[in-house]
Every structure is written in C-alpha cells, then in structure tokens.
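Student: Hey, can we go through this one together? I'd like to start with how the strands are put together.

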Amino acid sequence: MKNYLLLCCILIAGCSPAPDFKTFPKIDTHVHLETADDSFVQVVEDNNFQLLTLVTRSEKPEVIKKEFDFAINLYKGHPKTIGAATTISMEGFGEPEWQENTIAWLQECFDAGAIAVKIWKDVGMTFRNPDSTFVFIDDPRFDPILDFIEAQNKTLVNHTAEPKNCWLPLSEMTVLGDSSYFAEHPQYHMYLHPDYPSREEILAARDRMLKKHPNLRYVGCHLGSMEWSVDEMATWLDQFPNYGLDMAARIVHFKVQDHEKVRDFIIKYQDQLIYGTDIAINDRGNSTTKETIQNIVNEVWMDDWKYFSTDDLLKQHDKVKEYQGLKLPVPVLQKIYHDNALRMFPGLGQDAVN
Ligand SMILES: [Zn+2]
C-alpha cells in the first residue's frame, strides 16, 4: 500500500501542470528601458515581473547620463518593480583624472539608487591603447573602479566577448539569429577580422580580473559568452562558484544542445543561473505602447516560460526548429526566475535608503 501511494505521488508529480505564469514571481535581470513613459509598468506588474534595466555602451558621459536618468526615474516611480544599473564612460581612459571622475560618477549613481554597474563588450573588442593594443578588463587602470563597486556592495554586470558563432563562418553558425545578424553586420563578425582578439583571449582577461577581485559580486551577461557549450560553462562555474551568469538573448543556444544534458546542467547550477532576456523598451518606433509590451509578454516571456516550465514540444518563432521544454522542478524555476537575482542584486525591489 505504501509503495502504491509513493508510485501515485511520483506519477502525479510527473504529470503535474506547470506553475501558473501570471502569478509565479519572476525577475528579468537584463532589459534596456529608455523611456519616460511608464505606462508599460502596469503590464509588467500584472504579470508579476520585476525588471533590472541596464545602461549599456561605454558612451560619452552626457549620453550615459541621459540613459541613466531614464533608468533611475523609472526606478524612483516604481521601486518595487524596477531596478537600475549604470555604466561607465571610457572617454579619457588612461588620463590621470579618469579614475577619479569615474568613481565620482558611480557615487552619484549609487546615491540615486543604482544597484549595479554594467561594463560592455567594447572593453576587449573596441578600445585600444596608444600603441594600438586592445584594452582588456584586467587592465590595472580598472582596479580602483572595481574595488569601489565592491566596497559599495554593488554588482558588476559584464558583457564580455561575443557568442562563439561570431568567430565562425556564417555557414557554421549554430543558430539562425546569429548568422542573420552577422551577415548584416560584417563589421562585428570576428571571423572576418582575425587581427582582433579571440574569444578565448577576451575571456582569459575576464578570468584574470576575477581572480584579482575575488570578493567582487559578478554577473556575466549572455551566459558569459560560453553559451555554445554547457560543459564550458560548467567548468567556469565550478571555478567561480560565487558568480552568476545571465541567460539574456542566449536561451536559444540551450535549445540546440542535447536536451537532457542542458536540463541536468541547469539543475546542477541552479544557484548561479539567472533569467534575463535583453528586451528593449524605448521611445524609438513607438515601442512603449501597452500593445507592444503585451507582445513582449506573449512572444518572449511566455515562450521562455513554456521552455523552462513544461515539456511541451515547442517551435521557434522563425519556425525553423522544434524543441522540447525542460520542465524544470519548481524549486529550480524559483531560483533562476527569482531568488538568484535577489541574491546577486541586493537592493532590487527596495526603496533607496536615502
Ligand atoms: Zn543587453
């Protein structure tokens, strides 16, 4: 009788419906909000989401300031729903006052309520020293900035390198999104630019930086540009057990790898993987309308939710490929969709102290 009951429980658990999308608490830790129109926030809240908006690109200080103002005003209007991450400008990097100015800027952002700092892929792929060598993230001139972020108990969010596909010919790329993007943007297609640093070189610089700053809280964007292989990610996550990886715009790379292997990987590293999408909401192209936001809910967030929470046979939007959902255990969903983000981004969902 006991065994029969146990079997029933297992069977029931096996066919249990996925948790409800709308009510499950969820955080998207990688979005880009550049708008003063906050009407979309209602749709976000109706779907029980919180967002972390990242200011990205190491632009001129005045451009960064403008983008940060969007982010921080959205945070101030909706502190329970939206968190803001700032970024730094590389203008004047190498000049004596750069470090002091950068730390003063970060202090201003933290005082306003920013909880994280994003450093973009242009460090390692664009900026050069006067002798034309590339500037990498382990350059000692970044150390005081990284020490300051750590001392202020903020998080470094780092997009470094690109997907492995970027260094492959178009015909060998594993996902359609990458081959069409790099066909349209040959200037970013590193296979065509062998004089630029390799993915391995850029990621090695990241790892040297992390070893110099073992107590810095670190989230690698886009699965840390190791998206092509759960084995490569596993090796890295074992080496850096306190750090996290966001999945933004790279979930598709899980779908082209072995289903069971990916599922086992996510379950094993359930404390270090963080949900994110890379969606943008801005005033360009009318994309702040409620209708547009509802489309994001249906086409991005719902699709990902079905992939992680059900074992349905699903189709990509481009209809090229079918793939099966992972049906992750509910406690794992709880971590990747919510708990890990709160742990890696202290202050998310809270009013500023001052
Ligand atoms: Zn992004």
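Tutor: Sure. One term to begin with: two strands pair if DSSP finds at least two bridges between them. Keep in mind that this is a predicted model.

Student: Okay, so how many bridges are there between S7 and S8?
Tutor: Two bridges, and strand S7 (residues 244-246) pairs with S8 in the parallel sense. Leu 245 sits opposite Leu 273 in S8.

Student: And what's the order of the strands in the open sheet?
Tutor: It goes S8-S7-S6-S5-S4-S3-S2-S1-S9, nine strands with parallel pairing. The edges are strand S8 (273-274) and strand S9 (279-282), each pairing on one side only.

Student: Let's look at S5. Which strands are joined to it by four bridges?
Tutor: Strand S4 (residues 116-119) is joined to S5 by four bridges, running parallel. Four bridges also join S5 to strand S6 (residues 217-220), again parallel. For example, Val 117 has Leu 156 in S5 as its bridge partner, and Asn 158 has Gly 220 in S6.

Student: Which way do the residues of S5 point, and are they buried or exposed?
Tutor: Thr 155 and Val 157 point one way, Leu 156 and Asn 158 the other way, and all are buried. In a regular strand, side chains alternate between the two faces of the sheet.

Student: Switching topic: how many helices and strands are in the chain?
Tutor: The chain has 13 helices and eleven strands. Its radius of gyration is 21 Å, close to the 20 Å from the globule rule for 354 residues, so the chain is as compact as a globular protein of that length.

Student: What share of the residues is buried?
Tutor: Buried residues make up 41% of the 354.

Terms used. Residues numbered from 1 in each chain as written. Predicted model: local features only at pLDDT ≥ 70, side-chain atom pairs only at ≥ 80, totals over all residues. Rg over C-alpha atoms; globule rule 2.2 N^0.38 Å. Buried ≥ 20, exposed ≤ 12 C-beta atoms within 10 Å, placed from the backbone.
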